[in-house]
Amino acid sequence: MNDIVSGALLFTNERSAMGYRINKLAMALTQPTERDRMKADEEGFMAEHGLSEPEKQLIRARDWKGMLEAGASIYLLLKIGAVTGHPLPVIGAHTAGRSA
């Protein structure tokens with residue numbers, strides 16, 4: 001039985017390890033004080049969480065599909081989206097190559 005959906009990115013252990021820093025940053029955003037800190041100084045917040053320059057660029061560009069490809073969890077992307085003013089329909093449309 002084939003349980004892989006064509007074209008879907010599966011969130012595997014390997015993908016999770018690739019996206020560790022982005023996911024860790026996003027997980028921090030569960031705390032209101034951390035959300036405020038990211039809103040006040042996004043660059044500093046990303047640096048504090050040890051993101052690489054390519055990872056920072058994905059967040060700067062709000063490249064949701066790129067973040068998924070880099071190993072971010074869709075559930076944690078929603079936390080970044082909430083802080084940056086990008087709701088689920090916008091993120092979903094972007095990852096599907098459509099406009100919201």
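What share of the contacts in the protein chain with a separation of 6 or more comes from residues 24 or more positions apart? In this predicted model, such residues account for 54% of those contacts. The chain holds 8 helices and 0 strands, and its pattern along the sequence reads α-α-α-α-α-α-α-α. Its radius of gyration is 14 Å, close to the 13 Å that the globule rule gives for 100 residues, so the chain is as compact as a globular protein of that length.

**Overall dimensions, surface and charge**

- The C-alpha trace of the protein chain spans about 45 × 30 × 25 Å along its principal axes, and 35% of the 100 residues count as buried.
- The accessible surface of the chain comes to about 6100 Å², and carbon and sulfur atoms contribute 55% of that surface.
- The protein chain carries 12 positive and 12 negative charges, and the mean positions of these two sets are 3 Å apart.

**Helix α7 and its surroundings**

- Helix α7 covers residues 74-84, and within this helix Leu76, Leu77, Ile80, Gly81, Val83 and Thr84 are buried. Seen down the axis of α7, these buried residues fall within an arc of 165°, so they line one face of the helix.
- Tyr75 and Ala82, by contrast, are exposed and lie on the other side of α7.
- The buried residues of α7 pack against a set of helices made up of α2 (20-28), α3 (32-40), α4 (42-48), α5 (53-60), α6 (64-69) and α8 (88-95).
- After α7 comes Gly85, a residue whose phi is positive and near 80°.

**The loop between α6 and α7**

- Ser73 is placed in the loop between α6 and α7, and it counts as buried because its relative accessibility is 11%, which falls under the 20% cut-off.
- When neighbours within four places in sequence are left aside, Ser73 is in contact with Phe11, Asn23 and Leu68.
- Ala70 is also found in the loop between α6 and α7, and its contacts, again leaving aside neighbours within four places in sequence, are with Arg15, Met18, Gly19, Ile22 and Leu58.
- Ala70 and Gln31 are 39 residues apart along the chain, and their C-alpha atoms are separated by 24 Å.

**Two residues of helix α3**

- Glu34 is found in helix α3 and, at 18% relative accessibility, counts as buried because this value is under 20%.
- Apart from its neighbours within four places in sequence, Glu34 is in contact with Ala28, Leu29, Phe45 and His49. For one of these partners, Phe45, the separation along the chain is 11 residues, and the C-alpha atoms of Glu34 and Phe45 are separated by 8.7 Å.
- Arg37 likewise has its place in helix α3, but Arg37 is partly exposed because its relative accessible area of 32% lies between the 20% and 50% cut-offs.
- Leaving aside neighbours within four places in sequence, Arg37 is in contact with Phe45 and Glu48; Phe45 is therefore a contact of both Arg37 and Glu34.
- Arg37 and Gly97, which are 60 residues apart in sequence, lie 31 Å apart in space from C-alpha to C-alpha.

**Helix α5 and the loop that follows**

- Lys56 has its place in helix α5, and with a relative accessible area of 15% this lysine is buried, because the value is under 20%.
- Lys56 touches Met46, Ala47 and Leu51, not counting residues up to four places away in sequence.
- Lys56 and Glu43 are 13 residues apart along the chain, with their C-alpha atoms separated by 8.0 Å.
- Arg62 lies in the loop between α5 and α6, and its phi, near 55°, is a positive value in a residue other than glycine. Most residues other than glycine have a negative phi.

Notes: Residues are numbered from 1 along each chain as its sequence is written. This is a predicted model: local features need pLDDT of at least 70, side-chain atom pairs count only at pLDDT 80 or more; totals for chains, interfaces and linings use all residues. Side-chain values use heavy atoms; hydrogens and water are left out. Buried means under 20% relative accessible area, exposed over 50%, partly exposed in between (1.4 Å probe, protein chains only). Helices (H or I, at least four residues) and strands (E, at least two) are DSSP runs, numbered from the N terminus. The arc is that of the directions from the helix axis to the C-beta atoms. Contact means heavy atoms within 4.5 Å. The radius of gyration is taken over C-alpha atoms; the globule rule is 2.2 Å times the number of residues to the power 0.38. Accessible areas come from the Shrake-Rupley method with a 1.4 Å probe; for residues, only the protein chains shown count as cover. Lys and Arg count as positive and Asp and Glu as negative; His and the chain ends are not counted. The place of a charge is taken as NZ of Lys, CZ of Arg, CG of Asp or CD of Glu.
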